Amino acid sequence: MKYTLILVPGITLALLAISMPSCKTTNQGQVWEQELGEVTESPLNPGDAHKALNMQIDLIPDGKYGRRLFRQMKPQFITIHSTQNYTGDAFAHAKALKKGALRGGVCGYLCWHFTVQDDTVIQHIPTSERGEHADFDGPGNRYSIGIEMCEHNGNNQLATMERTAKLAASLMYYHEIPVQNIRAHYHWPRAGYKTPNKNCPHFLMEDGRPGDTWRWFVGRIERHYKRLQLFEDQIQEQKAKDAERERLKKMVQNWIEQVGEFIGLS
Ligand SMILES: [Zn+2]
């Protein structure tokens with residue numbers, strides 16, 4: 001009897017352990033957060049943040065290839081991709097886009113706005129024009145800024161993700177894009193595809209779809225964005241203080257003039 005009592009819970013536990021679905025014990029986002037360190041909460045001048053991106057502008061020629069059709073866009077979303085190209089760096093992608101080497105999409109040529117590698121950002125098309133990177137004629141292409149993260153050998157993946165997070169934060173700030181409009185390529189289904197939702201950016205997905213790691217990445221973007229917004233808030237606060245000081249100064253001046261007039265000084 002005694003043995004049965006001990007044995008039954010033991011067997012139950014063992015059965016439970018076997019029948020439990022295998023789940024990841026580590027959240028990759030938490031590991032990366034530790035490696036990168038927390039984003040500080042101090043205000044950051046958006047101009048300085050932009051400079052630190054080390055952005056180079058190397059546009060596809062106006063009216064050619066991916067910019068063959070002029071299609072204006074007011075960006076409302078930011079779409080994150082990864083290249084899955086283990087040999088080409090950001091410069092190689094810029095070169096390929098500039099000579100129309102990447103075919104596809106609605107206009108016949110693929111194009112997106114930025115490619116990021118560990119130490120550099122390259123811009124390929126203006127943010128006021130639509131790209132061909134997500135979902136043919138869907139909203140991903142029509143309304144979003146496309147960012148590709150490099151994956152070539154020797155590239156520091158963590159530094160690339162962090163530079164991408166900072167770029168996305170800067171774009172959120174300058175284009176007034178809310179955090180809920182940060183999308184993985186996965187979020188834009190491709191009409192007519194057997195697997196419409198692409199596993200992209202694959203290293204931020206779990207089992208091919210957004211999970212904790214993706215949520216960590218969006219959180220990281222938001223924390224970088226908050227620093228820029230904090231700076232903006234402080235500027236606005238200072239402006240309001242200056243305006244109030246000016247208003248009081250004028251009030252006192254008016255009062256002095258009125259008193260002067262009353263006692264016959266002027
Ligand atoms: Zn993609």
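# Report on a predicted single-chain model

His202 is found in the loop between strands S8 and S9 (205-206); helices (H or I, at least four residues) and strands (E, at least two) are DSSP runs, numbered from the N terminus. The model is predicted: local features need pLDDT of at least 70 and side-chain atom pairs count only at pLDDT 80 or more, while totals for chains, interfaces and linings use all residues. Residues are numbered from 1 along each chain as its sequence is written.

His202 is in contact with Ser82 and Gln84, leaving aside its neighbours within four places in sequence; a contact requires C-beta atoms, placed from the backbone, to lie within 7 Å. The C-alpha atoms of His202 and Tyr186 are separated by 9.0 Å, the two residues being 16 apart along the chain. Pro201 is in the loop between S8 and S9, and the peptide bond from Cys200 to Pro201 is cis, with omega near -5°.

The chain has 7 helices and 10 strands. Of its 266 residues, 32% count as buried. A residue is buried if 20 or more other C-beta atoms lie within 10 Å of its own, exposed if 12 or fewer, and partly exposed in between, with C-beta atoms placed from the backbone. Among contacts between residues at least 6 apart in sequence, 74% join residues at least 24 apart.

**The sheet**

An open sheet of 6 strands has mixed pairing and the order S1-S6-S5-S7-S2-S8. Two strands pair if DSSP finds at least two bridges between them. S1 (55-57) and S8 are the edge strands, each pairing on one side only. On average, neighbouring strands of this sheet are turned by 25° against each other, direction ignored. Axes are lines fitted to C-alpha atoms, for helices over the stretch in contact, and angles run from 0 to 180 degrees between N-to-C directions.

Strand S2 (residues 77-82) is largely enclosed by the rest of the structure, because 6 of its 6 residues are buried. Phe77, Thr79 and His81 point one way from S2, whereas Ile78, Ile80 and Ser82 point the other way. S2 runs parallel to strand S7 (residues 144-149), to which 6 bridges join it; in S7, Ser144 is the bridge partner of Phe77. With strand S8 (residues 182-184), S2 pairs in the parallel sense over 3 bridges, and Ile78 stands opposite Ile182. S5 and S6 run antiparallel and are joined by 4 bridges, with Val116 opposite Val121 in S6. H6 packs on the sheet, touching S2, S5, S6, S7 and S8, and its direction makes about 165° with that of S7.

**The core and the H6-H7 packing**

The largest nonpolar core has 43 residues, and those with the most contacts inside it are Ile78, Val116, Ile147, Ala168, Ala169 and Ile221. Such a core is a set of buried Ala, Val, Leu, Ile, Met, Phe, Trp, Tyr and Cys residues joined through C-beta atoms within 7 Å. Two or more residues of this core come from each of S2, helix H4 (90-98), S5 (114-117), S6 (120-123), S7, helix H6 (157-175), S8 and H7. H6 gives the largest share, 8 residues.

H6 and H7 pack with their axes 8 Å apart and at an angle of about 50°. They are therefore oblique to each other; angles under 35 degrees count as roughly parallel, over 145 as roughly antiparallel, 65 to 115 as roughly perpendicular and the rest as oblique. H6 passes H7 in a right-handed crossing, that is, the near helix is turned clockwise from the far one by less than a right angle, whereas anticlockwise would be left-handed. The contact residues of H6 include Met161, Ala165, Ala168 and Ala169, and those of H7 include Phe217, Ile221 and Leu228. Leaving aside neighbours within four places in sequence, Ile221 is in contact with Ala165, Ala168, Ala169, Val179 and Ile182.

**Individual residues**

Leu230 lies in helix H7 (residues 212-262). Its C-alpha is 7.3 Å from that of Leu44, although 186 residues separate the two in sequence. Tyr65 is not a glycine but has a positive phi of about 45°. Asp207, also not a glycine, has a positive phi of about 50°. The table gives place and burial.

| Residue | Place | C-beta neighbours | Class |
|---|---|---|---|
| Tyr65 | loop between S1 and S2 | 22 inside 10 Å | buried |
| His202 | loop between S8 and S9 | 15 inside 10 Å | partly exposed |
| Asp207 | loop between S9 and S10 (209-210) | 7 inside 10 Å | exposed |
| Leu230 | H7 | 14 within 10 Å | partly exposed |

How values were computed: Two residues are in contact if their C-beta atoms, placed from the backbone, lie within 7 Å.
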